[in-house]
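The following exercises are to be worked with the sequence and the coordinates at hand. Each task is followed by a solution in steps.

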Amino acid sequence: MTEHRTRVRIDPAGVHVADDSSAYLDLLLDGRRVWSFRPEAVGDQGDPAAGDADGATGWWVAWPKDFEQLLSGTVTVAVRDHGGDLLAEGDVRFGTGSGRAALVDRDGNELVMGPKGRLTRSFEDDAVGREALLGAAHTVLAVMHTAGIEGFLAYGTLLGAIREGTFIGHDDDVDLGYVSHHRAPADVVRESFRLERTLVRAGIEVERYSGAGLKVHVADASGARRGLDIFGGFWDGDRLALLGEIHQPFRREWIEPLGTATLAGETFPVPAHPERLLEVMYGPHWRTPDPTFSFDDDAAGRQYLGNLFRGIRQHRNGWDRWYAGIARERPFLKPHHLARVLHNEMEDGATVIDVGCGRAQDAAWLAGHGHPTVALDYSLLAAGFHLRRAEEHGWPLRAASLNFLDLRQVLANGARLAREIEGPRAILARHFVDATTPRAWEGLFRLGSMVLRGGGRMYLEFFGEADPGADIEPPDPEDLVWRVDPAEIEEAARAAGAEVERVVTFDPGWFELTWKAGEWDPKPRGYRMVLRWA
């Protein structure tokens, strides 16, 4: 290892910064910047090598878990300050690989740690993605105009256009905004749904994540998918309310009439005084580049906007992070035990809907055993391996994203599936009810009532308390799966017209212990519940 200054040390486990500097540092792998971080924001106080943990010797920054999961082999790690001065450099070996390590995805595309703490493809390294998003932005803005909505560049995309005339290097998507002419939030939501329908009719793939927030999925020439976010807003008295998190005093003439700015050589609409909006978004120092910037929103404003527009995206970011991580691991080929139970009890060729399919190994196994299968999940980031595997083998498997918190999606998909599916059918929902809220339970059982009437079965599996009489503790906000009360599940199912055929309990450790359940004290009890609709 070579240390150019004593305040930074690189070793196989991470980086130690021996002072309390608040400036950000760049981490490079084989000369390519892959991460910018502030030690005090992502590190722990102390120096493990010195046995110190009282903060007297600065900050210890361990390698991100995504690095350790993806890198295998040796790579030259360097740390430099924001002025470009090299602080430390040395070779580090990750995993068991004997060659050179590289931070790339399965298709060989270079990755960086994005500002949201996830590995992504950066615009610095992705000219194809930039071109695709530029074209998509023009298309989406034109469609918005036909719907009577005047969109403009927002957030990081606006910052790049005004400050640098191009995309910010560490950014990975495009942000658009608009301010509705409606004043009532309910009318703003209705307008957003009309916009969504207009975009879909134009052949654009759209996902809704709030009452006034949309994500457009953009495929570039290589087939890689990018995101374009549309943030709705409205005038709330003398305040501008704009998703994501802006609810601040603002003047209408700072937005309207829209002006223009150049982004990567192309002209786009921007607010009349974009610097005013950027100051609200990024603070008074928005002209100074800071790749570690984290939006420090107003808590009251966030709660206000959340109460008006949110509620259908709970835990989505957590699931995306989880699935993005396990998508790089070798997927399991064997099905879970519950999938075998369903297969043994249902008729040959029965159609199966796998709700919360995760990696889709159960869906692929069922399809491989002659069951036409529909794999549904909030996030399909980890399902690619088994979907490709099913396609290669010609198995009857298809997948779709479905948000059970959105009643519109549930009703539309339930009606379509009820019409399309002929003959016997079943729903598999393994660790769904213990990973969602009662609102999503209602969506699941509504789907069941639409699709399974006439004798179809729903197979549930979830975690509950080891002592059935014990109170259920509230879940930790960081948990993706928790314990639920079987009596509440039965009540919700019966309210949707279901009959409980049987409930069995088991020790989940005897064949599969998932998630962090092995760390729970006391250990959870596994529950299986089979429902029928007459």
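Of the 534 residues in the protein, 52% are buried. The model is a predicted one. Its secondary structure comprises 14 helices and 27 strands. The accessible surface comes to about 24200 Å², and carbon and sulfur atoms account for 48% of that surface. Among contacts between residues at least 6 apart in sequence, 65% join residues at least 24 apart.

**Exercise 1. Classify the ring pair Tyr 155 and Phe 231, and state which parts of the chain the pair ties together.**

Step 1. The structure holds seven aromatic pairs. For Tyr 155 and Phe 231, the ring centres are 5.0 Å apart, which satisfies the cut-off of 6.5 Å for a pair.

Step 2. The planes of these two rings meet at 65°, so the pair is edge-to-face; the criterion for this class is an angle over 60 degrees.

Step 3. Tyr 155 belongs to helix 4 (residues 155–163) and Phe 231 to strand 16 (residues 225–236), so the pair ties together parts 76 residues apart in sequence.

Step 4. Both Tyr 155 and Phe 231 are buried.

**Exercise 2. Characterise the aromatic pair of Phe 404 and Phe 432 by its geometry, location and burial.**

Step 1. The pair of Phe 404 and Phe 432 is edge-to-face, with 5.2 Å from centre to centre and 75° between the planes.

Step 2. Phe 404 is placed in the loop between strand 23 (397–401) and helix 12 (407–420), while Phe 432 is placed in the loop between strand 24 (425–430) and helix 13 (438–451). The pair thereby links distant parts of the chain, 28 residues apart.

Step 3. Phe 404 has a relative accessible area of 6% and is therefore buried. Phe 432, at 8%, is likewise buried. Both assignments follow from the limit of under 20%.

**Exercise 3. Which arginines lie over the face of Phe 193?**

Step 1. Arg 208 lies over the face of Phe 193, at 3.8 Å from the ring centre.

Step 2. Arg 408 also lies over the face of Phe 193, at 3.9 Å from the ring centre.

**Exercise 4. Examine the salt bridges that involve the loop between strand 9 and strand 10.**

Step 1. A search of the whole structure finds 18 salt bridges. One of them joins Asp 30 to Arg 100, with the closest N and O atoms 2.6 Å apart.

Step 2. Asp 30 sits in the loop between strand 4 (25–29) and strand 5 (32–37), and Arg 100 in the loop between strand 9 and strand 10, so this salt bridge ties together parts 70 residues apart in sequence. The relative accessible area of Asp 30 is 42%, so Asp 30 is partly exposed.

Step 3. Glu 110 forms a salt bridge with Arg 32, the closest N and O atoms being 3.6 Å apart. Because Glu 110 lies in the loop between strand 9 and strand 10 and Arg 32 in strand 5, the pair ties together parts 78 residues apart in sequence.

Step 4. Glu 110 is partly exposed at 37% relative accessibility, whereas Arg 32 is buried at 16%.

Step 5. Thr 96 lies in the loop between strand 9 (86–94) and strand 10 (112–113). With 72% relative accessibility, Thr 96 counts as exposed, the limit being over 50%.

**Exercise 5. Describe the salt bridge between Arg 398 and Glu 420.**

Step 1. The closest N and O atoms of Arg 398 and Glu 420 are 3.0 Å apart, which is within the limit of 4 Å.

Step 2. Arg 398 is in strand 23 and Glu 420 is in helix 12, so the pair ties together parts 22 residues apart in sequence.

Step 3. Arg 398 is partly exposed at 42% relative accessible area, and Glu 420 is partly exposed at 36%.

**Exercise 6. Determine the strand order and the edge strands of the open sheet that contains strand 2.**

Step 1. Four strands form this open sheet, in the order 2-3-7-6, and the pairing is antiparallel.

Step 2. Strand 2 (8–11) and strand 6 (44–45) each pair on one side only and are the edge strands.

Step 3. Strand 2 and strand 3 (residues 14–17) run antiparallel and are joined by four bridges. Asp 11 stands opposite Gly 14 in strand 3.

Definitions and conventions:
Residues numbered from 1 in each chain as written. Predicted model: local features only at pLDDT ≥ 70, side-chain atom pairs only at ≥ 80, totals over all residues. Heavy atoms only, no water. Helix = DSSP H or I, 4+ residues; strand = E, 2+ residues; numbered from the N terminus. Buried < 20%, exposed > 50% of the residue type's maximum accessible area, 1.4 Å probe, protein only. Phe/Tyr/Trp six-rings, centres within 6.5 Å; stacked < 30°, edge-to-face > 60°. Lys NZ or Arg CZ within 6 Å of the ring centre and 35° of its normal. Salt bridge = Lys/Arg side-chain N within 4 Å of Asp/Glu carboxyl O. Contact = heavy atoms within 4.5 Å. Areas by Shrake-Rupley, 256 points an atom, 1.4 Å probe, with all protein chains shown as cover. Pairing = 2+ DSSP bridges.
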